[in-house]
Amino acid sequence: MEQQHKSSALLLGLLVFGALAILTAVEFVFALTIKLWQFLVLIPLIKAGLVLYYYMHISRLFETDLDSDHESYAYKLLTNRIGLWLFLLSDAFIFGGLLLSRINLLGLTRPDLNQVLGLAVTSILLISSFFANRAEILMECGERKQFIMNIAVTIGLGILFLVGVVGVEWRLAPFGPADSIQGAVFYVMTGFHAFHVLTGVIFLAIVLRNGSRGLYSAEKHWAVEASVVYWHFVDVVWFFFYPALYLIGTLAK
Amino acid sequence: MRKFFSLGLVRGLIWQILGTAIGIGLLTAIRQLLGLAAWKPEPAIVFGALLGALFFLYGVGVLNNWIRVAAGEEIQEHIDESRLGWRRYFGASLDHKVIGIQYLTLSLILMVVGGTFALIFRTELANTGMQFLTLMEYNTLMSLHGIVMIVGILIGVAAFMNYLVPMLIGARDMSFPRLNAFAFWLAVPAGIILLSSLILGGFDTGWTGYPPLSVRAPIGMQMFFLGISLAGFSTILGSLNIIVTIIRQRAPGMTPFRMPIFVWASIATSIISLTATQLIGLSFQMVMFQRLFGMGFFDPGKGGNPILFQHLFWFYSHPAVYVFVLPGLGLISEMLPVFARKPLFGYKWVAISSIAIALIGFLVWGHHMFASGMAEYLRVPFMYSTLLVAVPTGVKFFSWLGTLWRGKITYETPMLFLLAGIVVFLLGGLTGPPNATISTDLHLTDTYFIVGHFHDTMFGGYVFPFFAAIYYWFPKMTGRRLNEKLGKLHFWLMAPAFIVLSLVMMRVGMLGMRRRIADYDPALNFVIEHKIMTVAAFIIALGVLVFLINAFWCIRKGEVATGNLWNSRSPEWQVPSPMPIHNYETPFEVVGEPYDYGLPGSVYVKFKESE
Amino acid sequence: MRKAILLRMLLCLAIGILLAAGGSELAFRLQGNTSSRGPQTIELVIPAGTTVIVAQGESVLPASQNFVVGDTLLVHNQDSVTHTLGPLVIPSGSSASMKFDQAGNLDYTCSFQPSQYYGIDIQPALSLATRLEASLVAGIPLGIMLGVYSLVVFQLNPKRKPTNPD
Amino acid sequence: MNRKYLVVAMALLLVIVMVALVYAYVTSNSNTFHGSLISPPKPAADFALTNQTRSTVHLSDFRGKYVLLFFGFTNCTEECPLTMGFLKQMHDRLGSQADMTQVMMITTDPTKDTPQVLGSFLSHFDPSFIGLTSSFNVLQNIWAEYGVTVLDNGETHTSYVYLIDPQGNLIATYPLLENADGITADLKYLLSGK
């Protein structure tokens with residue numbers, strides 16, 4: 001039974017990842033061929049919906065309490081979930097504000113950036129999200145060894161993403177933050193996002209350390225769930241930032 | 001002496017100084033390594049201030065538990081700190097009551113400081129020409145008065161939400177006590193940084209900090225932006241905690257429509273400050289970046305757009321006004337039935353009105369920009385939605401009148417402040433529509449009329465209910481009640497003086513007195529009005545002084561009051577004052593309506609029999 | 001329960017937005033032919049014998065005309081000779097048209113004015129998008145208010161939570 | 001495990017792709033004409049002028065070709081060389097279809113622009129281009145016919161390119177060209193059409 005549940009969960013994760021990959025590819029092709037921004041808004045919305053439902057388990061927020069004792073672990077777990085999600089909601093407003101500012105300032109033009117690199121970092125983050133999901137499932141099934149391996153991969157990919165954006169992209173970009181409005185928008189958006197990725201990586205690293213010291217069990221692993229959900233959230237934000245920075249509109253002069 | 005240094009606050013301050021120094025040194029060193037001009041004050045000071053705030057948090061000790069969790073150690077819930085006695089009020093405590101009182105003290109300190117600023121430049125304005133302030137000093141004081149008061153109010157709101165909400169819903173503590181402590185102690189360095197702008201050249205933008213002016217202002221501007229960003233983050237975490245607590249920690253039987261009105265108001269307030277605050281933080285950080293890295297967000301020369309700032313800014317700062325007043329209105333509805341000995345009229349309508357005000361308030365920010373260039377056609381719907389806010393507010397007024405109607409009213413000090421609050425907020429409310437209506441607003445924008453309207457809403461919606469609440473719950477906090485005579489003196493000094501002040505403000509506004517300016521033309525001949533306002537301001541200050549003396553005196557020597565002083569139905573008054581460390585030894589169940597005063601045989605809470 | 005509240009809210013939002021849109025459109029129509037109108041096709045007729053009159057230094061047509069962005073100017077030439085207006089050449093008895101796709105105040109050279117210039121003032125049009133925005137700005141708050149108060153007036157189920165902030 | 005929404009999402013994606021393809025198809029076929037159309041088309045005034053090889057040329061000789069007519073003068077420093085340059089670009093981009101078109105330049109400064117001068121001027125651009133001149137009086141009528149106002153020493157107010165279809169009708173005019181794209185696209189469209 002336990003095996004059954006685990007394998008089906010892993011399979012589902014894989015399927016969702018496949019769907020996300022296809023969507024991203026289609027998005028990229030559309031951006032090159034049909035320059036309609038509506039598609040580039042719709043597709044990220046679908047991707048976000050998938051991640052919210054399958055990877056972040058938004059439905060868990062609405063579970064009814066089995067244990068009404070306010071001091072019990074089960075009750076506290078749901079409380080913590082609500083707290084985390086409210087924090088994410090609040091955080092989403094920063095990124096929403098950044099997106100609106102970008103729309104207001106750049107309209108249907110986009111900065112001149114390296115398309116290949118953009119697609120690369122996006123895929124890296126997407127794959128890391130996939131491994132994060134695996135890690136959580138494996139923890140739920142109490143398989144510590146594999147859990148640790150997957151978390152490690154996630155962290156590695158996260159660091160790779162940071163290097164790709166901050167280390168490479170910021171150097172390759174044809175403008176500095178002070179040169180043009182494109183520069184300003186690009187650096188502030190990627191900067192804010194990179195900061196969140198960094199915190200996510202640190203969070204995951206702490207979880208990895210404590211996990212390897214056997215602090216989490218199949219029953220009690222709130223920290224794991226929290227870090228993974230946060231990681232998925234950072235990924236969802238990038239779903240919207242990627243088209244906003246790389247794909248939508250025509251190149252700004 | 002060792003006792004003194006063991007206080008969290010002291011350690012925090014020492015660490016903050018240390019952190020600031022390290023930050024400045026570090027950045028200078030980095031610039032040295034990058035081969036830039038080593039000493040550039042602005043980035044160094046900003047970085048220093050930021051690091052200082054972080055060091056403060058470490059020094060005060062709110063991070064210890066989290067660090068230990070991260071290190072994989074076990075930490076215990078609900079620590080009993082009673083052994084610390086009074087000293088726990090000066091350190092990182094996890095008890096929501098302690099934190100609430102800490103918030104309250106900080107709020108009072110900030111508002112006294114802000115009020116002093118007001119007195120200074122009010123005296124300057126008493127006569128035409130510049131007497132003893134330079135223009136820059138005037139602008140700085142005026143701007144700081146605005147923002148310090150706003151932060152003070154935010155913190156005061158947090159104070160009562162922290163202190164009351166868990167009690168009212170019968171919770172043991174907040175859902176996240178450590179987050180709660182963190183949120184409070186973040187506000188302290190934020191306040192310090194904000195005030196430090198005084199010595200760093202000040203800033204002359206008013207509390208709105210519009211670019212491009214705020215891009216050219218002295219370094220004090222950066223302290224303003226940084227301070228508000230931190231304070232904003234603190235309110236975000238605080239409100240998150242409140243929402244979760246209200247959703248999760250309610251006593252059995254407390255269905256939403258049996259929650260006290262103040263709890264409803266807290267939820268509404270928290271929804272706003274949880275979400276919208278991020279945008280003012282963002283807009284301020286964008287200006288900081290524009291100053292530090294030359295990013296041209298609001299610089300048309302680089303393709304930026306100054307109006308964007310105003311949109312981001314007001315998207316928070318308009319709902320923020322409701323953050324200030326909603327809890328105050330909640331407090332009025334909370335206490336009014338107690339003194340009228342009658343059920344609250346139209347409970348459900350009042351409860352829902354808080355939510356309505358909060359949600360509608362999100363979408364009306366445009367009315368601050370009627371005069372600053374938005375699509376003409378869009379001004380009308382913004383006007384409409386703004387006027388829409390009057391509906392739920394009217395509902396609340398109607399409920400208060402209905403509650404007072406034929407009530408057996410007794411006039412203790414809290415009640416006096418409540419009535420003053422209602423009257424003053426009515427003034428503020430009635431002067432709102434003229435500012436919401438485009439045609440009149442274009443004439444009134446940036447005049448003292450706005451200032452008068454705004455102060456009316458703040459005093460009616462926050463200050464008076466706030467004082468009422470202090471007089472009302474002081475026994476719950478200390479076990480002693482405030483002196484009635486001094487309280488009445490405080491009231492009779494403050495309320496009439498304020499009403500005069502605000503009405504005169506509106507008059508000079510309509511006569512053409514512009515807000516935020518250091519001087520005015522004697523030919524406009526309202527010098528005498530300005531003299532009246534200055535005198536009124538000092539009388540208000542005197543009233544507050546009386547209150548402070550009263551408070552300090554009564555904490556130690558006040559008349560002991562441990563019972564249900566006001567004969568209230570609310571659960572916290574059913575247990576002896578001051579409140580036990582973990583609130584209710586015996587949990588209670590909600591079995592009736594909260595405000596059925598004077599109805600024979602009606603019960604609100606029933607305590608479980610403790611075996 | 002949660003679904004019921006959600007549906008109620010969406011319904012009320014829809015009602016509010018519809019009401020607002022109605023009001024907005026009504027106002028828009030009532031405003032009539034002011035600068036804030038939608039784009040149209042505007043005809044300009046160069047009457048027969050214009051050249052002769054213009055040669056005497058008198059003007060047949062007004063010196064300038066107002067448009068909004070998106071307008072199309074259709075010039076008919078009933079005169080016996082070919083006329084020009086800015087980028088247009090209009091052979092006698094024929095017509096040519098141009099579309100204004102950005103706001104501005106232009107002076108086009110032309111052959112049917114003594115001054116040889118025709119002023120064209122293009123104001124930003126009141127597009128459908130703006131009106132839609134207006135309907136949302138006014139409609140959403142209205143809908144919210146209807147929604148929350150409807151929870152008091154027509155209660156779904158008094159036992160459970162009417163407004164659940166999470 | 002619940003895969004409902006996964007299916008829904010992929011279905012949505014499918015729909016989007018469909019819509020996108022349809023949209024792409026529709027947009028590819030629709031052509032917006034860049035020149036300002038003359039409606040109804042008017043027969044372009046015929047003329048008999050001397051070309052750079054001193055032989056007489058009638059407009060009517062070029063029935064069956066799209067004629068691009070331009071009024072300019074060789075001394076002119078901006079518009080005329082620019083416009084001819086763009087017309088040359090168009091000519092090259094049209095490739096084989098180019099011989100279905102004919103570029104002509106009628107001088108607005110007959111005193112200076114003798115056939116040789118015109119010849120040498122146009123030789124900078126394309127051998128197939130025809131430069132036309134004649135006596136002042138003859139030209140004046142033609143200028144009037146085409147609504148070209150010529151100031152002294154040949155400067156014109158606005159320099160148009162006139163597009164004349166194979167039936168000899170003036171169908172469209174182009175204001176001062178800014179690039180060759182619009183006019184090339186139009187001609188490609190016309191030539192491909194019928």
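## Exercises on a predicted four-chain model

In chain C, three strands form an open sheet in the order β2-β8-β7, and their pairing is mixed. The model is predicted, so please read each exercise with that in mind.

**Exercise 1.** Work out which strands of this chain C sheet stand at the edges, and why one side of each is left without a neighbour.

*Solution.* Start from the strand order, β2-β8-β7 in chain C. Next, look at the two ends: β2 (64-68) and β7 (104-109) of chain C each have a single partner strand, so one side of each has no neighbour in the sheet. To finish the picture, the twist from one strand to the next averages 25 degrees.

**Exercise 2.** Describe how β7(C) and β8 of chain C pair, and find the bridge partner of C:Thr109.

*Solution.* First, recall that strands of a sheet pair through backbone hydrogen bonds, in either a parallel or an antiparallel way. Here β7(C) and β8 (residues 117-123) of chain C take the antiparallel sense, over six bridges. Then pick out one bridge: C:Thr109 is matched with C:Tyr117 in β8(C).

**Exercise 3.** Check whether the span of helix α10 of chain B agrees with its number of residues, then decide whether its residues are buried or exposed.

*Solution.* Helix α10 (residues 261-275) of chain B has 15 residues, so at 1.5 Å a residue a span of 21 Å is expected. The C-alpha atoms at its ends are 22 Å apart, which agrees. As for its surroundings, α10(B) is mostly covered, with 15 of its 15 residues buried.

**Exercise 4.** Describe the side of chain A that touches chain B, and then the side that touches chain D.

*Solution.* Begin with chain B: 26 residues of chain A are in contact with 29 residues of chain B. On the chain A side, α3 (73-106) and α6 (181-212) each supply at least two residues, and α3(A) gives the most, with 14 residues. Sorted by class, this side has 16 nonpolar, nine polar and one charged residues.

Now turn to chain D, where 20 residues of chain A are in contact with 13 residues of chain D. Here α1 (2-32) and α2 (37-55) of chain A each supply at least two residues. The largest share, 10 residues, comes from α1(A). By class, this side of chain A has 17 nonpolar, three polar and no charged residues.

**Exercise 5.** Find the domains of chain D and how far their centres are separated.

*Solution.* Chain D is divided into domain 1 (1-30) and domain 2 (36-193). Taken over C-alpha atoms, the centres of these domains of chain D are separated by 49 Å.

Note on methods:
Residues numbered from 1 in each chain as written. Chains lettered and ligands numbered in written order. Predicted model: local features only at pLDDT ≥ 70, side-chain atom pairs only at ≥ 80, totals over all residues. Pairing = 2+ DSSP bridges. Helix = DSSP H or I, 4+ residues; strand = E, 2+ residues; numbered from the N terminus. Axes fitted to C-alpha atoms, helices over the stretch in contact; angles between N-to-C directions. Expected span 1.5 Å × (residues − 1). Buried ≥ 20, exposed ≤ 12 C-beta atoms within 10 Å, placed from the backbone. Contact = placed C-beta atoms within 7 Å. Nonpolar A, V, L, I, M, F, W, Y, C, P; charged D, E, K, R; others polar. Domains from an automatic or database assignment.
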